[in-house]
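Good morning, colleagues. I should like to take you through one chain, from its overall make-up to its interior. Please have the sequence and the structure in view.

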Amino acid sequence: MPFLSKLIKPLLALTLSAAILGAQGCTKDSKPESKPAEPSAAAPAQPAAKPGEPRTIALSVTEKGYEPSPITLKQGEPVKLVMTRTTDHTCATEIVLEDYNINTPLPLNQPVEVAFTPNKTGKLVYGCAMGKMISGVFMVE
């Protein structure tokens, strides 16, 4: 029986170590958990666009997803999103907005412009092509 004991103990220790490391790797990011943003903490307002020009909004795609989010938009006001993907550690390699037939690739570290005019009020969810696994929100007023 000593042979069996010498074999089982290291296997149990190895299995336990793998389980602990695996559980840590399943989190969305490895940074300490912070408090979630307040729902009313929408992105800071961008300066108003000049008459006849769309409102320009800078967005980044990071390991945390689309940032900032949520962003408040006005119904009928044209917007131009300037999106820059800054990481390869995401499935958000494009932006998909089905309601506006937008499906635009986001190459790494290259700003991409996406223009549209929100035509209805409410919550507008955009995201990656993998069923919006990574997503952001526009609140249209």
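The chain has one helix and nine strands, and from the N terminus the helix comes first, with the order α-β-β-β-β-β-β-β-β-β. Please bear in mind that this is a predicted model. Of the 141 residues in the chain, 27% count as buried. The chain exposes about 9,600 Å², and carbon and sulfur atoms supply 59% of that area. Among contacts with a separation of 6 or more, 57% join residues 24 or more positions apart.

Let me turn to the interior. Which residues of the largest nonpolar core touch the most other members? In this core of 25 residues, they are Tyr66, Leu81, Phe116 and Phe138. Two or more residues come from each of several elements, namely β1 (55-62), β3 (71-73), β4, β5 (94-97), β7, β8 (122-127) and β9 (135-140). As a general matter, nonpolar side chains in soluble globular proteins tend to be buried together.

Consider Leu81 in more detail. Setting aside neighbours within four places in sequence, Leu81 is in contact with Ile57, Leu59, Ile95, Val112, Glu113, Val114, Phe116 and Phe138. Two of these partners, Phe116 and Phe138, were named a moment ago with Leu81 among the core residues that touch the most other members.

Several of the partners of Leu81 bring us to strand β7, residues 112-116. Val112, Val114 and Phe116 form the covered face of β7, whereas Glu113 and Ala115 form the uncovered one. In a regular strand, side chains alternate between the two faces of the sheet. Strand β7 pairs with β4 in the antiparallel sense, over five bridges. Within β7, Ala115 stands opposite Lys80.

My last point concerns Arg85, which lies in strand β4, residues 79-85. Is Arg85 buried or exposed? Arg85 has a relative accessible area of 7%, under the 20% cut-off, and therefore counts as buried. What does its side chain reach? The side chain of Arg85 reaches the backbone oxygen of Thr87 at 3.0 Å. In addition, a polar atom of the Arg85 side chain lies 2.7 Å from the backbone oxygen of Leu106. Leu106 also appears among the residues that Arg85 touches beyond four places in sequence, together with Val61, Thr90, Ala92, Thr93, Pro107, Leu108 and Asn109.

To close, strand β4 thus appears twice in this account: β4 pairs with β7, and Arg85 lies in β4. Thank you for your attention.

Conventions: Residues numbered from 1 in each chain as written. Predicted model: local features only at pLDDT ≥ 70, side-chain atom pairs only at ≥ 80, totals over all residues. Heavy atoms only, no water. Helix = DSSP H or I, 4+ residues; strand = E, 2+ residues; numbered from the N terminus. Buried < 20%, exposed > 50% of the residue type's maximum accessible area, 1.4 Å probe, protein only. Contact = heavy atoms within 4.5 Å. Areas by Shrake-Rupley, 256 points an atom, 1.4 Å probe, with all protein chains shown as cover. Polar contact = N/O pair within 3.5 Å; in protein donor to acceptor, adjacent residues only side chain to side chain. Pairing = 2+ DSSP bridges. Core = buried A, V, L, I, M, F, W, Y, C linked by side-chain atoms within 4.5 Å.
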